[in-house]
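Visitor: I'm new here, and I'd like to know how the descriptions are arrived at. Could you show me the structure and take my questions one at a time?

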Amino acid sequence: MSAILTEDRSTLDLLAALRAPRFLLELPSDRLTDVLGRARSSNVLGRLAARASFLDESTTPPRLSRILRAVLIQADAFQRSARFEVNRLRRALGPLGDGMILLKGAAYLALRLPVARGRHSGDVDLLFPPKLLAAVESRLLEQGWVHQYTDEYTQSYYRRWMHELPPLRQPQRLAAVDIHHSILPLTSRITPNSEALVRDATDIPGNAGLRALCAADMTIHLALHFAHDGDFDHSLREAIDLDDMLRHFGSRTEFWASLLDRADLHGAQRPLHYAVAVTHALLGTPIPDFVISRLARHALPSTIDRLIRGGMVRCLADTGRISPGLATAVWRQALYIRSHWLRMPPPLLALHLTRQAARRIAGHRSTP
Amino acid sequence: MRLGDTSLADLRSALTGVGCPIHFGPFVLRAKTNDASLSRTIRHLYANHTLASDEIADATISVDVGWDARRPWRRVARLRVDRDHQIATLPPSMVGPLMESGLNLAIALRAHTFLQIHAGCLEKNGRAIIMPAASGSGKSTLCAYLLAAGWRLFSDEFAVIVPETGNVVPVPRGISLKNASIALAKAIHPDPEFSPVVSGTPKGSVSVLRAPRQSVDRAHETCPPGAIVFPKWSADAGLQIAPLSRAEALESIIRNSINYSALDELGFNAMTRLIEEVPAFRLTYSDSIQAIDWFEDLSSRFA
């Protein structure tokens, strides 16, 4: 835990509770209130509640049990929403949707993975081969979905540079639908092998016509976004996801070898290196030594590597914290810039950031 | 220990430090503020409420007055519920209403082990009347009148129901009154029971009539529902009572529910049981006294 570099009590309590949820039962009330509040602010309370197997035990304080059960009830509601959305999409797309690949939360839910429990998102992510994209989009628009962002810049940003269409939504429902054609933006320095992603997707048992990425690809997808996304204020949730996923799949011996092979195939060794190192530091995820040493071969020179990993760990640990302090603020900014750097070559980046600034001054609400 | 028994200095110290955890029925809400006038308002409004000691809080609600980040020449009151960033800001004169809405949000957004209906709720003769109502229906005025007629206040905002048993749970806070209803309530309740009137809020002028000691002391006493009444004030209406069919009642009460859809099958079963077990009425009235008489008559049939 010395890698965490923080004395903030709520941070340490939250990480300890994530590692060993029964720790919550040892805390005095005021500290417990703080940890629960902090978990909520970090969007991980549902995930913490899902790990708290002691909820129904008679020795658990009733108030704690009630609070955690309420969070799980809410998570269930989001999951029902996601399941229904997948059902509606399948119905709307007809033959176009045969064999469509679910990504992220929708996939975890359909596969009943441990990582699905306690999630607070009803959004649905789908992966299609690029050549089907236009047909899928026009079919959904025909069937009543609408674009969430209608301004030209956001629309063109997504279509030209990103790996997904701008999000769609059915007006009567809350779930957003993201149609992906790759798992990373087109302009990224890493170009995952999209054909292999689609080709090696596996059928989801009990859900005819739905598929998910294979275990190794699913893990790499998570690791890529974890290591590349700029929003380290929310990534503690993704660190927990990675922890769940690696523990679940990692119990199969053949998983680690296939994970390394697929990382080579997609050129995703360095992001995976960061992901496993950081998750291990924060949550104690067991990683076999041969995996660590193989991935370390693709890391940046040791000093820089340690610096970046340390920065990531610090930002993740401080997720949801009020006034995290100068070091974290600096690292958040640095990682944000880094994420854009990874997403776009420099000239494009300069252009995009300039446009962003101009739009913000003009008062637009922008996402990218 | 009651809030009213603490010194203002001690209360301020808690509000500016670790927070002041207060029992509200089954919930414990921890209040924080740096504002002196809000500290006095809290001490007055919740004088009858008990301080929680060594309890987990359901939420921490902070109202802080500080400089507006975007317009640094102005001071604003900022509402936070647990989170880092703010939920809402209002002018510093409105710290009271801001705290009240924070307390409402903290319950409404989280209490999913209960079925919550946006309704006034009072008890007499062992049964609770649930009054789902949109703004402007006169619900809060009716609550104030019923309180004066000896009814026990459960809440003016939330009917909180245990899905497994159908029992209604008190969450006593004050009755939020606005505009014309303030004067009406002041005619039948002593002035010291009201918080200072705050004008110019998004809802107009607001004041809170605090929950009487008895309602707070008996907050642990749940009871079954007795009737559902949808009130609507309308000048020249006289007194019109329309019984609702079960289908109409179910549809209307679902529309007024806060977290029905989060509760899935449990919520559906609880809601249908409620409709099957108690009668539902639409009450259209122009004279509050006449309406109260009708409520009294209704409650006499409970016992």
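Visitor: Which helix gives the most to the lining of the largest cavity?

Guide: That would be helix 4 of chain A, with three residues. Keep in mind as we go that this is a predicted model. Chain B takes part too: strand 2 (27–33) and helix 3 (95–108) of chain B each supply at least two residues of that lining.

Visitor: What is the volume of the largest cavity?

Guide: About 100 Å³. Its lining has 14 residues, and the closest to the centre are Arg66(A), Phe27(B), Asp58(B), Arg110(B) and Ala111(B). By class, the lining has eight nonpolar, two polar and four charged residues.

Visitor: How many cavities of 30 Å³ or more does the structure hold?

Guide: Five. The second largest has a volume of about 60 Å³. Among the residues lining the second largest cavity are Thr33(A), Leu36(A), Asp58(B) and Arg110(B). Helix 2 of chain A gives the most to that lining, with four residues.

Visitor: On to the rings. What makes Tyr157(A) and Tyr158(A) a pair, and why is the pair called edge-to-face?

Guide: Their ring centres are 6.1 Å apart, and rings pair if their centres lie within 6.5 Å. Their planes stand at 90°, and planes over 60 degrees apart count as edge-to-face, so that is what this pair is called.

Visitor: Why does Tyr157(A) count as buried?

Guide: Buried means under 20% relative accessible area. Tyr157(A) has 2%, so buried is the right word. Tyr158(A) comes in at 11%, so Tyr158(A) counts as buried too.

Visitor: And why is the pair of Phe255(A) and Trp256(A) called edge-to-face?

Guide: The reasoning runs along similar lines. The centres are 5.3 Å apart, which fits the 6.5 Å limit for a pair. The planes are at 65°, and the cut-off for edge-to-face is over 60 degrees, so the pair gets that name. Both Phe255(A) and Trp256(A) are buried.

Visitor: How many aromatic pairs are there over all chains?

Guide: A search of the whole structure finds nine. There is also an aromatic cluster, formed by Trp151(B), Phe281(B), Trp294(B) and Phe295(B).

Visitor: Which ring does the charged end of Arg75(B) sit over?

Guide: The ring of Trp67(B), 4.9 Å from its centre. For a charge to sit over a ring, the distance has to be within 6 Å, with an angle within 35 degrees of the ring normal. The charged end of Lys186(B) likewise sits over the ring of Phe194(B), 5.3 Å from its centre.

Methods. Residues numbered from 1 in each chain as written. Chains lettered and ligands numbered in written order. Predicted model: local features only at pLDDT ≥ 70, side-chain atom pairs only at ≥ 80, totals over all residues. Heavy atoms only, no water. 1 Å grid on protein atoms, 1.4 Å probe; cavity = no way out; pocket = protein on both sides within 12 Å on 5 of 7 lines; lining within 4 Å. Points joined across faces, edges and corners; volume = space filled by probe spheres on them. Nonpolar A, V, L, I, M, F, W, Y, C, P; charged D, E, K, R; others polar. Phe/Tyr/Trp six-rings, centres within 6.5 Å; stacked < 30°, edge-to-face > 60°. Buried < 20%, exposed > 50% of the residue type's maximum accessible area, 1.4 Å probe, protein only.
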